[in-house]
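Reader: I should like to learn how aromatic contacts and helix burial are read from a model. Please take me through them in turn.

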Amino acid sequence: MKKYTRYSKKLVGTVLILVLVCTAIYAGPASTGGSIYAAGTMGLDFAFAGTRVSPEEVRKALDSGVKYLHEYYEAKEFRGLLEDWAPIGLSAAGEDLAGPEWSVGDRSAQDAMLADLSTGTLLKYGRNTDYQRVILNLAALGIDPSNTEGVNYANVLAKSQLVSGKFADAVGEQVIGEQLVNAQVWGIIAMKAAKIEGMNEEKASSWLAAHINPDNGYSIDTTVEQSDIDMSGMALIAFAVLGESDSSEPVVKVLEYLKNNQQPSGGFAAWSMETSESPAAVIQGLTALGLDPQAERWTTQNGSPLRALLDYQQPDGGFAHYEGGGSNLKATAQAVMALADYINGTSAFQRMAQGQLQQSGIFSDMQESHWAYPVVKDLVESSVVNGYPDNTFRPDNPVTRAEFATILVKGLNLQGQMTTTTARFRDLPLGHWANQAVAASVERGYIKGMSETTFAPTANITGAQVAAMLVRAGGHEEEAQAVTGDTWYAGYIRAAETLGLLYPGFDADQQATRAQCAYSVNVLRETTVFLN
């Protein structure tokens with residue numbers, strides 16, 4: 001089968017939209033509600049048909065990008081990793097750069113990075129941005145930049161903040177320069193992500209806010225008034241790690257600049273040319289602010305920043321810098337960072353700052369010895385459930401009815417069918433974050449309300465309710481209804497037990513926990529009924 005060109009994809013997408021319009025198919029109103037860490041924070045907003053990227057597609061693209069980077073650097077015995085941002089994206093994707101998969105003989109990628117650093121060539125020009133990149137890459141691997149092979153790289157950065165709040169352009173014999181915006185952006189990010197003390201955050205933020213361009217964006221240099229998409233996206237990360245929200249004045253301006261410069265493809269043009277690094281930067285910036293890059297605001301008729309980014313991926317897994325180009329190392333590193341951020345629902349730099357940059361999907365409160373670890377790991381990797389911002393999973397926490405509806409829908413790969421809302425329940429507004437998931441579940445008969453007009457989305461779900469929903473989703477409603485008993489759920493529990501859907505410690509009247517719900521949903525995903 002011939003591979004479509006990017007132009008052909010856009011043409012097909014446009015034709016599809018025209019057909020949908022002509023046949024009066026409407027995707028439904030936007031969901032503008034909050035987030036839910038139990039089931040992921042992304043992917044609930046309106047998007048034009050054919051443009052939304054599924055979690056499975058993102059995961060596949062990320063894995064292919066990681067594979068490309070692995071093969072490229074393995075051929076070099078993992079030398080050169082510190083020259084780019086790849087270690088951050090790889091660590092955020094769950095790769096262990098000190099492990100056997102990233103080793104040649106007895107030398108790991110982490111060993112190679114430290115060997116490269118020891119030569120001194122990476123920092124010989126005294127550019128502050130070189131120090132910042134090295135510090136962030138080391139911190140991503142859990143290496144203390146204040147004591148790396150006896151050298152305190154963090155101290156160089158901490159002492160480079162000038163009286164104005166600006167991180168100097170150059171360090172070394174002279175600490176000077178207030179011209180480079182990227183030195184300020186990465187200085188802020190590195191200080192926060194690597195947990196280096198001593199930054200005057202108020203001055204750092206004020207300097208950055210004061211040097212926004214008239215067009216509301218940022219360029220790499222204060223003397224250049226034409227802003228750059230990539231630099232503007234990175235500035236959003238800097239503001240986010242300083243605690244600014246999407247309602248703060250400079251952030252609002254940058255978001256406006258980005259939206260005004262979004263292309264019909266859903267991507268962005270850097271200096272009049274669309275590249276893959278631009279949507280990658282925007283995805284990272286939006287994610288750092290807790291914003292969905294597939295939300296209605298960021299979705300055009302042809303795509304979103306996420307869709308635009310994936311259009312650059314090549315058959316070998318790498319990402320091209322521009323349309324028609326071959327796989328590019330730097331473009332691939334940036335894409336991996338963006339895709340990992342999207343899957344994790346937060347910026348890698350924010351996770352680093354909070355000590356949350358996970359290796360291999362392991363949560364601080366759920367080790368491999370936990371009985372539910374394998375199934376939770378599977379669901380996390382499939383973007384069905386997520387952990388919390390503090391790197392915990394909280395397996396014993398109860399699950400609400402709204403959360404379970406979302407987990408069930410995602411577990412059954414029905415995200416693409418969450419296109420309508422329901423006005424049936426007065427306690428589930430149209431703008432509720434779980435409305436579409438509940439609507440999809442109710443429409444298919446998986447879930448019922450507590451009454452004709454109430455759903456009780458915040459009520460904790462019981463074992464009996466979990467059993468009933470799983471049995472219905474598995475297509476065994478008739479068998480359950482044929483059983484008589486003293487309770488409404490007797491038949492459902494018998495059917496669920498026969499199918500092996502009941503979680504360890506099941507109690508019909510007790511609240512079901514996150515680990516228990518994950519276990520049962522994962523069993524349902526693996527049943528012959530679901531696979532067929």
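The dialogue below treats ring pairs, charges over rings and one helix.

Author: Please note that the model is predicted.

Reader: How is a pair of aromatic rings described?

Author: Two quantities are used, namely the distance of the centres and the angle of the planes. This structure holds 10 aromatic pairs. In the pair of Tyr218 and Phe239, the ring centres are 6.5 Å apart and the planes lie at 50°, so the pair is tilted; the tilted class excludes angles under 30 degrees and over 60.

Reader: Which parts does the pair of Tyr218 and Phe239 tie together?

Author: Tyr218 belongs to the loop between helix H8 (201–210) and helix H9 (229–241), while Phe239 belongs to helix H9, so the pair ties together parts 21 residues apart in sequence. Tyr218 is buried, with a relative accessible area of 0%, and Phe239 is also buried at 0%.

Reader: Which residues do ring pairs link into a cluster?

Author: The cluster consists of Trp85, Trp186 and Phe349.

Reader: Over which rings do the charged ends of Lys166 and Arg514 sit?

Author: For Lys166, the charged end sits over the ring of Trp207, 5.4 Å from its centre. For Arg514, the ring is that of Phe393, and the charged end is 4.1 Å from its centre.

Reader: How many residues of helix H16 are buried?

Author: Helix H16 (residues 401–411) is mostly covered, with 11 of its 11 residues buried. Among them are the charged-type names Arg401, Glu403 and Lys410, together with Phe404 and Ile407. Just after H16, Asn413 adopts a positive phi of about 60°.

Key
Residues are numbered from 1 along each chain as its sequence is written. This is a predicted model: local features need pLDDT of at least 70, side-chain atom pairs count only at pLDDT 80 or more; totals for chains, interfaces and linings use all residues. Side-chain values use heavy atoms; hydrogens and water are left out. Buried means under 20% relative accessible area, exposed over 50%, partly exposed in between (1.4 Å probe, protein chains only). Helices (H or I, at least four residues) and strands (E, at least two) are DSSP runs, numbered from the N terminus. Rings of Phe, Tyr and Trp (its six-membered ring) pair if their centres lie within 6.5 Å; planes under 30 degrees apart count as stacked, over 60 as edge-to-face and the rest as tilted. A charge sits over a ring if NZ of Lys or CZ of Arg is within 6 Å of the ring centre and within 35 degrees of the ring normal.
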